[in-house]
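Trainee: Got a minute to go over the charged pairs in this one with me? Here's what I have open.

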Amino acid sequence: MENNKRPESMARINTKALADKFIDEQVKLLQKQVGKKKVLLALSGGVDSSVVAALLIKAIGKQLVCVHVNHGLLRKGEPEQVVEVFRNQMKANLVYVDATDRFLNKLAGVADPEQKRKIIGAEFIRVFEEEARKQDGIEFLAQGTIYPDIIESKGVKAHHNVGGLPADLQFELVEPLRFLYKDEVRMVGSALGLPDGMVYRQPFPGPGLGVRCLGAITRDRLEAVRESDAILREEFAKNGLEGKVWQYFTAVPDFKSVGVKDGARTFAYPVIIRAVNTVDAMTATVEEIPYELLKHITQRITTEVKGVNRVLYDLTPKPSGTIEWE
């Protein structure tokens, strides 16, 4: 974008009326920019890409082609939610790609966190490129750039992989959220009718559960992460912690310990619970979870999640720890 400075006259979007006004203005601008041509969007199901998708569907309908790549590292129910919301409810032109085996085969035996990130990012670009080449008449690429991205990375949001596409696929960018802060994006998403679980979901790393299945990813530990995370999120929601705690998740390390179940010896994985609060993600404090709730979550995880016999609670603030383990 030539002008990457937020207009001084632009009011903070902190009411539904202002969100509706922003939507009406962007619909007109998008229709003018795109005309009758097609737009491609990598729809992860995260807040930014979901709001961009909803906004473009309102503006240009079936001219938008959404590609949702399931790399097998999403949280429980997330791919299904993307299909339900965008294809079934919003009638979007959605291409769903289940690339789980492809990603996990590439990641087999890779323990280094940075190498895992590189493999996941590179493979996503390849899958997205393949799907882009199957489409005819695409001239624009929509991207979930928001204002902090412009400030921090000069307008290029790396996890949307614009910079990684081949030269012949460098489409003209469509970035309708580029002057919004995250809270404003959420306000717009709500005004567009997206479900709260999608609009107000907690931060989620680009490599997904790949950095919470610690060390070399195996399918059994990946499933343990996914199932234990679902239990944790369910219990936090039931007990009033959803929205109160900034980020909470589980991680499963690559080692086992001895345990006992039904009178028999087990040799299984531990699950680590992490729950933190922060303002800027530079520092973080640990949420003090009621002990009775921790006991209940432990009982559920050790009972319901296959291959797990221990639950640990990470008490480390940032610093000295980081928010994620990898």
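Mentor: Sure, let's go through the salt bridges and where their partners sit. Keep in mind that this is a predicted model, where local features need pLDDT of at least 70, side-chain atom pairs count only at pLDDT 80 or more, and totals for chains, interfaces and linings use all residues. Residues are numbered from 1 along each chain as its sequence is written, and side-chain values use heavy atoms, with hydrogens and water left out.

Trainee: How many salt bridges does the structure hold?

Mentor: There are 30, counting a side-chain nitrogen of Lys or Arg within 4 Å of a carboxyl oxygen of Asp or Glu.

Trainee: Which residue does Glu-227 meet in a salt bridge?

Mentor: Lys-76, at 3.0 Å from N to O. Glu-227 is in helix H9 (residues 219-238), while Lys-76 is in the loop between strand S2 (64-70) and helix H3 (78-89), 151 residues apart. Helices (H or I, at least four residues) and strands (E, at least two) are DSSP runs, numbered from the N terminus.

Trainee: Why does Lys-76 count as partly exposed?

Mentor: Because its relative accessibility is 43%; buried means under 20% relative accessible area, exposed over 50%, and partly exposed in between (1.4 Å probe, protein chains only). Glu-227, at 23%, is partly exposed too.

Trainee: Switching to Arg-212 and Glu-324: buried or exposed?

Mentor: Both are buried. Their closest N and O atoms are 2.6 Å apart in a salt bridge.

Trainee: And what about Arg-274 and Asp-314?

Mentor: Their side chains form a salt bridge at 3.4 Å, N to O. Arg-274 is in strand S8 (residues 264-277) and Asp-314 in the segment after S10, 40 residues apart. Both residues are buried.
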